[in-house]
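Dear colleague,

I am passing on to you the structure shown below, together with a short account of what was found in it. Please read the account with the structure open beside it.

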Amino acid sequence: MFEYVNLKNFKSFGNIELNLLDRNKKPKKMILIYGENGIGKSNLASAFFMLSETLRTMDVRDLMETLLSDESGQVKNNETIKKYFRFRYKDIETLIKENKTVSSTEPMVMEFGFQIKGKSGRYLLEMSDSQIIHERLEYTITQRKGVYFDITPEKATINAKIFHDKSAFQAIKKACKKFWGKHSLLSIILHELDDKADSYIREQLEANFARLLSFFTKISCKIKFGSRQERGIIGLPHEIMGAFENGHIAKSDEDILNRTEKMLTTFFKITYKDIIRAYYRKTYEDDEIEYQLMLSKMIAGKQREIDFSLESTGTQALIQQLPFMLVSAKGAVSIIDEFDTGIHDLLVKALATSLYDCIEGQLIMTTHNTLLMEADIPKECIYVINEVSAGEKEIQCILHYNNKIGENNNIRKQYLYGKYSGIPEAPTIDFKSLLNVLH
């Protein structure tokens with residue numbers, strides 16, 4: 001799980017750190033982040049999304065090579081290519097342009113502290129305007145903490161102990177020399193693991209390094225950019241589908257679809273009184289099943305069948321959040337931006353309380369819903385982003401402002417009264433004057 005995140009020249013942050021450790025120096029399993037509109041909550045969440053994206057840039061390279069070499073005109077019918085487009089894979093230069101602070105002349109720095117099996121590590125990425133200029137990974141090698149690799153344009157130091165065999169080590173060194181800068185070494189290694197027909201490279205990985213790669217590739221993000229939704233789902237457990245509403249699935253995985261029906265029926269019957277069951281309308285095409293979620297529910301005193309696409313915005317928002325909630329219960333890291341969007345306050349509170357008891361991994365959420373402050377969740381899980389001076393931001397746990405908060409203290413009321421800042425001002429707007437400007 002993550003211990004901390006440090007960002008420099010990232011989006012609206014000049015220099016900010018999010019400390020995720022509890023009083024016992026263990027990563028907190030749930031984090032709720034508050035702040036006024038435009039303060040940078042989504043920017044903070046998108047740092048995890050960018051981390052996930054940097055692991056996939058070698059796949060972008062393969063995609064572009066396929067597109068450029070295709071002369072048959074059949075690329076558009078290739079399901080693998082469709083998948084890449086669906087998730088909008090990006091190269092490093094595009095990721096930097098989207099995330100580096102506007103007009104910043106200094107490098108963008110992302111540093112992630114993490115803890116796996118009780119052992120701490122650190123991953124650093126430093127980027128110029130177009131490429132990676134420093135990458136460093138520290139974690140336990142065999143028994144002691146050490147540096148897995150430390151790479152700059154001038155020097156590449158890679159610890160040979162992360163591979164059991166010298167030839168695997170030499171293959172990675174060769175690929176690093178060829179591709180690093182436009183791709184991270186983690187991306188290069190992951191590509192080598194996936195690119196080989198046999199399992200040679202994977203079998204040569206040192207156990208702790210293999211565990212670390214598994215941790216990073218299972219990060220799941222749901223980030224909101226304005227009115228657009230962007231998902232980063234990498235390494236979801238096979239039994240958890242990325243899209244419950246509709247999509248395609250292999251015929252060989254039809255049992256997953258059937259089990260998902262049962263799971264969704266259980267979920268909806270608990271959260272909605274009028275829903276009787278959930279099921280999928282299926283269309284069989286070659287080796288795939290096209291599926292569409294349907295609901296059987298009571299409407300105007302009669303049981304009726306309804307296409308899920310006709311359901312309310314709130315219900316659709318809820319089902320889009322569900323895979324990410326399940327991932328955190330499964331044991332991985334999940335980030336949900338604007339957890340409360342479109343969902344009733346009391347239901348959001350109930351979901352968060354239920355999730356806290358079930359989380360085996362780590363769930364980081366941004367929210368505006370102050371009712372969550374009254375949920376049965378430890379106070380140390382609540383954070384606030386504030387502007388301290390001249391556009392500089394800080395994010396602090398509310399215990400930073402008062403480390404003697406009692407069980408009977410109404411945190412929500414204190415927050416709304418401005419005790420922890422992070423709330424918008426209540427302006428008085430003369431809408432008639434706005435109309436006058438238009439005239």
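Which residues of H10 are buried? In this predicted model, the buried residues of H10 are Gly314, Thr315, Ala317, Leu318, Ile319, Gln321, Leu322, Pro323, Phe324, Met325, Val327 and Ser328. Helix H10 spans residues 313-330, 18 residues in total, and its first and last C-alpha atoms lie 27 Å apart, close to the 26 Å expected at 1.5 Å a residue. The helix nevertheless has a kink of about 30 degrees at Leu322, shortly before the proline Pro323. Both Leu322 and Pro323 are among the buried residues listed above. After H10 comes Gly331, with a positive phi near 125 degrees.

Turning to the sheet, 7 strands form an open arrangement in the order E2-E1-E4-E5-E6-E7-E8, and their pairing is antiparallel. Strands E2 (13-19) and E8 (156-158) each have a single partner strand and stand at the edges, so one side of each is left without a neighbour in the sheet. On average, neighbouring strands are turned by 15 degrees against each other, direction ignored. Within the sheet, strand E4 (residues 108-116) pairs with strand E5 (residues 119-127) over 9 bridges in the antiparallel sense. Met110 has Leu125 in E5 opposite to it. Helix H1 (residues 41-54) packs on the sheet, where it touches E1 (2-10), E2, E4 and E5; the directions of H1 and E1 make an angle of about 95 degrees.

As to the interior, the largest nonpolar core comprises 73 residues, and Phe2, Phe114, Leu185 and Phe216 have the most contacts inside it. H1 supplies the largest share of this core, with 7 residues. Setting aside neighbours within four places in sequence, Leu185 is in contact with Glu135, Phe149, Ile151, Ile158, Ile172, Cys176 and Trp180. A second core, separate from the one just described, has 47 residues, including Phe268, Ile289, Met365 and Ile398.

One further residue may be of interest to you. Glu98 belongs to helix H4 (residues 92-99). Its relative accessibility is 39%, so Glu98 counts as partly exposed, the range for that class lying between 20% and 50%. Apart from residues up to four places away in sequence, Glu98 touches Lys11 and Lys90. Lys11 and Glu98 are 87 residues apart along the chain, and their C-alpha atoms are separated by 8.0 Å.

With kind regards

How values were computed
Residues are numbered from 1 along each chain as its sequence is written. This is a predicted model: local features need pLDDT of at least 70, side-chain atom pairs count only at pLDDT 80 or more; totals for chains, interfaces and linings use all residues. Side-chain values use heavy atoms; hydrogens and water are left out. Two strands pair if DSSP finds at least two bridges between them. Helices (H or I, at least four residues) and strands (E, at least two) are DSSP runs, numbered from the N terminus. Axes are lines fitted to C-alpha atoms, for helices over the stretch in contact, and angles run from 0 to 180 degrees between N-to-C directions. Contact means heavy atoms within 4.5 Å. The expected span of a helix is 1.5 Å times one less than its number of residues. The bend at a residue is the angle between axes fitted to the seven residues ending there and the seven starting there. Buried means under 20% relative accessible area, exposed over 50%, partly exposed in between (1.4 Å probe, protein chains only). A nonpolar core is a set of buried Ala, Val, Leu, Ile, Met, Phe, Trp, Tyr and Cys residues joined through side-chain atoms within 4.5 Å.
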